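Trainee: Could you take me through one part of this protein in detail? I would like to start with the helix that gives most to the nonpolar core, and then see what lies around it.

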Amino acid sequence: MASKGHGDINSGRLPPAPAYSKEVPPGHNAVYPAPTVVPPPPSYLTPSAPPDHMMMPASLEPLNVVYPAPTNPGFPPPGYVTPSAPPMMPAPFGHPNAVYPAPTNPRIPPVPPGYVTPPVPAMMPAPPPDLRPTGCPPGLEYLIHVDQLLVHQTFHLAELLGWEVRNSYNVKNSIGQQVFLAEEENNCCTLQCFGPSRPFTFHIQDNLGQEVLTLMRPLACSYCCFPCCLQDLEVQSPPGIPIGYVVQECHPFLPKLTVLNEMRQPQLRIKGPLFFCSCCRDVTFEVKTLDDSMLIGHISKQWSGFLREAYTDADHFGIVFPMDLDVKMKAVLLGACFLIDFLYFEERKGDKKH
């Protein structure tokens, strides 16, 4: 037996509409009352339209107006020919769209079956560029950025007993950091027989142990009254290549030295004081130009204390030079500091010990 609903559909009649009920929840065919319009207050004024001078005039032209293209009455001139498009350049080599004709060479035999193309050999990397400034010997790049050096001689206990030993020096920068280490090469017989007047060879190494400077002093007279055999110091960098010399000048009273370049051409002049009174003060050797018109630096023997000055040969020196001075001349001034120590301070203490 069919249900009631199905009977109504089958009979062709629609079911009656449900009666309206106020109990229908909102959203389900609910009917809401019209909102109440609140009238404006009595003092409210209705805004008026803006005046005519503020109104934008309406365009009198019809929409979609087509304007003629602008013309230039002076162009093109009579007889002007429009240039044609340039020919297309072929694709560069290596471009994916480049088309190359296949080379024809009837003499090349065909590739045999199973032939394997050899791999492309690996390219060798380019050598790193030489970042060393032009004219700077290897290992002396640090001297480019400094304008002063400190030279401290190492103290040896045997000096208190009057025994001559090989000298060694620590070269430091202005804040006390070690830059180079200088060691003397000599034998015992030369040390004891010639004393401060002995010939020597100094090997100056950097903090990596590489020799960057070599100082060579031959045997010569230490008194300036003999002009035929004055002191001569050769500075080499790298070892075996001279970069400058320090030569003693003949003068009856003042200690004078001349700084030469690798061509033995005079560059600077060093002038010392008349009296070497180093008690409680420094002894300064001035570094001047060749005409003595300008003071550019100095080499000073610094006071290092009463006990060290009286009983040892361990001296302290300071070297000051311009920042832009040639790095080779800076190295030669360092060698001049060692020669000054042997000429004017080692000998004086050697006399006291003997």
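Mentor: Happy to; here is a walk from that helix outward to the loops and the surface.

A word on the ground rules: this is a predicted model, in which local features need pLDDT of at least 70 and side-chain atom pairs count only at pLDDT 80 or more, while totals for chains, interfaces and linings use all residues. Residues are numbered from 1 along each chain as its sequence is written, and side-chain values use heavy atoms, with hydrogens and water left out.

The protein holds five helices and 12 strands; here helices (H or I, at least four residues) and strands (E, at least two) are DSSP runs, numbered from the N terminus. Your part is helix 4, residues 327-344. From its first C-alpha to its last, helix 4 reaches 26 Å with 18 residues, close to the 26 Å expected at 1.5 Å a residue; the expected span is 1.5 Å times one less than the number of residues. Of the 18 residues of helix 4, 18 are buried, so the helix is largely enclosed by the rest of the structure. Buried means under 20% relative accessible area, exposed means over 50%, and partly exposed is in between (1.4 Å probe, protein chains only). Across the protein, 32% of the 354 residues count as buried.

Now the core. A nonpolar core is a set of buried Ala, Val, Leu, Ile, Met, Phe, Trp, Tyr and Cys residues joined through side-chain atoms within 4.5 Å. The largest one has 49 residues, and Leu-140, Val-151, Leu-213, Ile-270, Ile-299 and Phe-338 have the most contacts inside it. Helix 4 supplies the largest share of this core, 14 residues. Leu-140 shows what such packing looks like: leaving aside residues up to four places away in sequence, Leu-140 touches Phe-180, Val-212, Leu-213, Ser-237, Ile-243, Val-327 and Ala-331. Contact means heavy atoms within 4.5 Å. Among contacts in the protein between residues at least 6 apart in sequence, 42% join residues at least 24 apart.

Next, the charged pairs. A salt bridge is a side-chain nitrogen of Lys or Arg within 4 Å of a carboxyl oxygen of Asp or Glu, and by this rule the count comes to five. One of them involves your helix: Lys-328 meets Glu-262 at 3.8 Å, N to O. This pair links distant parts of the chain, with Lys-328 in helix 4 and Glu-262 in the loop between strand 8 and strand 9, 66 residues apart. Lys-328 is buried at a relative accessible area of 19%, whereas Glu-262 is partly exposed at 34%.

The loop between strand 8 and strand 9 also holds Arg-264. Arg-264 forms a salt bridge with Asp-232, the closest N and O atoms being 2.9 Å apart. Asp-232 belongs to strand 6 (residues 232-236), and the two partners are 32 residues apart. Both count as partly exposed, Asp-232 at 21% and Arg-264 at 40%. The backbone of Arg-264 deserves a look too: its phi is positive, about 60°, although Arg-264 is not a glycine. Asp-292 likewise has a positive phi, near 60°, and sits in the loop between strand 10 (283-288) and strand 11 (295-302).

For a pair with both partners buried, turn to Arg-198 at 0% and Glu-184 at 5%. Arg-198 and Glu-184 form a salt bridge with the closest N and O atoms 2.8 Å apart. Arg-198 lies in the loop between helix 2 (188-194) and strand 4 (200-206) and Glu-184 in strand 3 (residues 178-185), so the pair ties together parts that are 14 residues apart in sequence.

Ser-237, one of the residues that Leu-140 touches, brings up another backbone detail. A cis peptide bond joins Ser-237 to Pro-238, with omega about -10°. Pro-238 is in the loop between strand 6 and strand 7 (242-248).

Last, the surface. Phe-155, Leu-157, Leu-160 and Leu-161 form a nonpolar patch with about 460 Å² of accessible area together. Patches are made of residues with over 30% relative accessible area and no salt bridge: like charges are joined within 9 Å, nonpolar side chains (Val, Leu, Ile, Met, Phe, Trp, Tyr) within 5 Å. Accessible areas come from the Shrake-Rupley method with a 1.4 Å probe; for residues, only the protein chains shown count as cover. Phe-155 lies in the loop between strand 1 (148-153) and strand 2 (168-172) and is partly exposed at 37%.
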